[in-house]
Amino acid sequence: MTRQDEVRGFLTTRRARITPEQVGLTDLGGERRVPGLRREEVAFLAGISVDYYTRLERGRIRGASDSVLDALARALRLTAAERDHLFDLARGHTAPAPRRAAPARRVRTSVQRVLDALHVPAVAQNARQDLIAANGLGRALYVTPFDSADRPPNLARFVFLDHRAQAFHPDWDLTCRVTAATLRAEAGRTPLDPALTALIDELRARSPVFREVWAHHDVRAHHTGVKQLRHPVVGDLTLAFETLDVQADHGLSIIVYGAGPDTSTAVKLAHLSRWAAGTGETSTSDAEAVRA
């Protein structure tokens with residue numbers, strides 16, 4: 001898919017999700033050939049001509065000013081992540097992409113020491129969602145992805161191509177949408193990353209589900225939230241997570257997971273810690289009791 005196609009798909013899908021009533025416009029009637037706003041309505045809300053907006057939506061975004069892009073973001077009610085994506089798409093047309101180091105495939109010793117010093121599950125991943133490091137509890141938490149043939153395991157490939165993903169992610173449909181939306185945001189930031197392009201092309205070729213959610217053009221920043229996992233040893237977990245960017249390494253993030261005190265997930269994490277340490281304290285019967 002070309003950059004022009006990306007712009008066209010993104011703007012078309014964004015205006016399709018908004019009704020005139022949502023933005024305070026009176027529907028003047030007439031047949032609407034597409035859901036959502038008409039082009040002239042978006043142009044009116046953004047304060048630009050219909051011809052100019054039509055050119056932008058067709059992918060001819062070269063030369064669009066920050067003020068025009070901001071006006072479009074407001075008219076289309078873009079989230080912060082979507083606004084950033086719009087600017088990324090525009091900058092890809094107006095200037096050469098800055099030279100960036102390739103995403104890491106291993107972490108520096110100091111980063112691994114930080115991971116190991118944490119007493120909660122923690123993993124490190126690069127911008128392509130390669131799972132490149134973890135502490136002991138993080139590796140135990142992600143035991144199923146780490147058991148894949150990929151080295152390092154890629155979380156997007158696991159979600160869409162590994163049959164075990166639907167059991168590991170009880171909210172698999174949501175996980176698919178979030179994974180694709182996060183990949184699309186990264187593709188907007190680094191359109192010249194050949195490995196990222198190859199990953200997206202592979203997923204589009206091999207996964208009908210990925211093709212379906214990719215066509216939505218959704219974009220998402222995945223910095224904090226709650227993740228549901230169904231672990232093969234301790235069962236269902238509800239984990240809060242925070243994503244911490246490693247500033248010295250482009251695209252590298254540490255994701256830290258935790259659970260509130262006196263919750264069932266906290267109890268299960270304690271059992272998982274013993275299982276990860278190989279102490280033998282979590283026997284099969286113990287695990288069944290924890291999962292119950």
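Q: At what angle do helix H1 and H3 pack?
A: In this predicted model, helix H1 (residues 3–16) packs with H3 at an angle of about 120°. Their axes are 8 Å apart.

Q: Parallel, perpendicular or oblique?
A: H1 is oblique to H3, because roughly perpendicular covers angles of 65 to 115 degrees and roughly antiparallel those over 145.

Q: Which residues make that contact?
A: From H1, Val7, Arg8, Leu11, Thr12 and Arg15 take part. H3 contributes Tyr53, Leu56 and Glu57.

Q: And how do the residues divide into nonpolar, polar and charged?
A: The contact of H1 with H3 has four nonpolar residues, one polar and three charged.

Q: What about helix H2 and helix H3, how do the axes cross?
A: The axes of helix H2 (residues 39–46) and helix H3 (residues 50–57) cross at roughly 110° and come within 9 Å. The crossing angle makes H2 roughly perpendicular to H3.

Q: Which residues are in the contact there?
A: On the H2 side they are Arg39, Glu40, Val42 and Ala43. On the H3 side they are Val50, Tyr53, Thr54 and Glu57. By class, the contact of H2 with H3 holds four nonpolar residues, one polar and three charged.

Q: Switching to the sheet. What's the strand order?
A: The order is S2-S1-S5-S4-S3, in an open sheet of five strands with antiparallel pairing.

Q: Which strands stand at the edges?
A: S2 and strand S3 (224–231) do. Each has a single partner strand, so one side of each has no neighbour in the sheet.

Q: What does the twist average?
A: From one strand to the next, the twist averages 30°.

Q: How many bridges join S3 to strand S4?
A: Eight bridges connect S3 with strand S4 (residues 235–245), and the two run antiparallel. One of the pairs is His231 with Gly235, the latter in S4.

Q: Which strands does H14 touch?
A: H14 packs on the sheet and touches S3 and S4. The direction of H14 makes about 85° with that of S4.

Q: And which strands does helix H6 lie across?
A: Helix H6 (residues 109–117) lies across S1, S2 and S5. Relative to S2, helix H6 runs at about 55°.

Q: Backbone next. What is the phi of Gln129?
A: Gln129 has a positive phi of about 70°, although this residue is not a glycine. Gln129 sits in the loop between strand S1 (122–125) and strand S2 (131–134).

Q: Is Gln129 buried or exposed?
A: Gln129 counts as buried, because its relative accessibility is 7% and the cut-off for buried is under 20%.

Q: What about phi of Asp262?
A: Phi of Asp262 is near 65°, again a positive value in a residue other than glycine. Asp262 is located in the loop between strand S5 (253–258) and helix H14 (264–277).

Q: Buried or exposed, that Asp262?
A: Asp262 is exposed, with a relative accessible area of 81%.

Q: Overall now. How many helices and strands are in the protein?
A: The protein has 15 helices and five strands.

Q: What share of the residues count as buried?
A: Of the 292 residues, 47% count as buried.

Q: And how much area does the protein expose?
A: About 15,000 Å² is exposed, and carbon and sulfur atoms supply 52% of that area.

Q: Last one: what share of the contacts comes from residues 24 or more positions apart?
A: Such residues account for 55% of the contacts with a separation of 6 or more.

How values were computed:
Residues are numbered from 1 along each chain as its sequence is written. This is a predicted model: local features need pLDDT of at least 70, side-chain atom pairs count only at pLDDT 80 or more; totals for chains, interfaces and linings use all residues. Side-chain values use heavy atoms; hydrogens and water are left out. Helices (H or I, at least four residues) and strands (E, at least two) are DSSP runs, numbered from the N terminus. Buried means under 20% relative accessible area, exposed over 50%, partly exposed in between (1.4 Å probe, protein chains only). Contact means heavy atoms within 4.5 Å. Accessible areas come from the Shrake-Rupley method with a 1.4 Å probe; for residues, only the protein chains shown count as cover. Two strands pair if DSSP finds at least two bridges between them. Axes are lines fitted to C-alpha atoms, for helices over the stretch in contact, and angles run from 0 to 180 degrees between N-to-C directions. Angles under 35 degrees count as roughly parallel, over 145 as roughly antiparallel, 65 to 115 as roughly perpendicular and the rest as oblique. Ala, Val, Leu, Ile, Met, Phe, Trp, Tyr, Cys and Pro count as nonpolar, Asp, Glu, Lys and Arg as charged, and the others, Gly among them, as polar.
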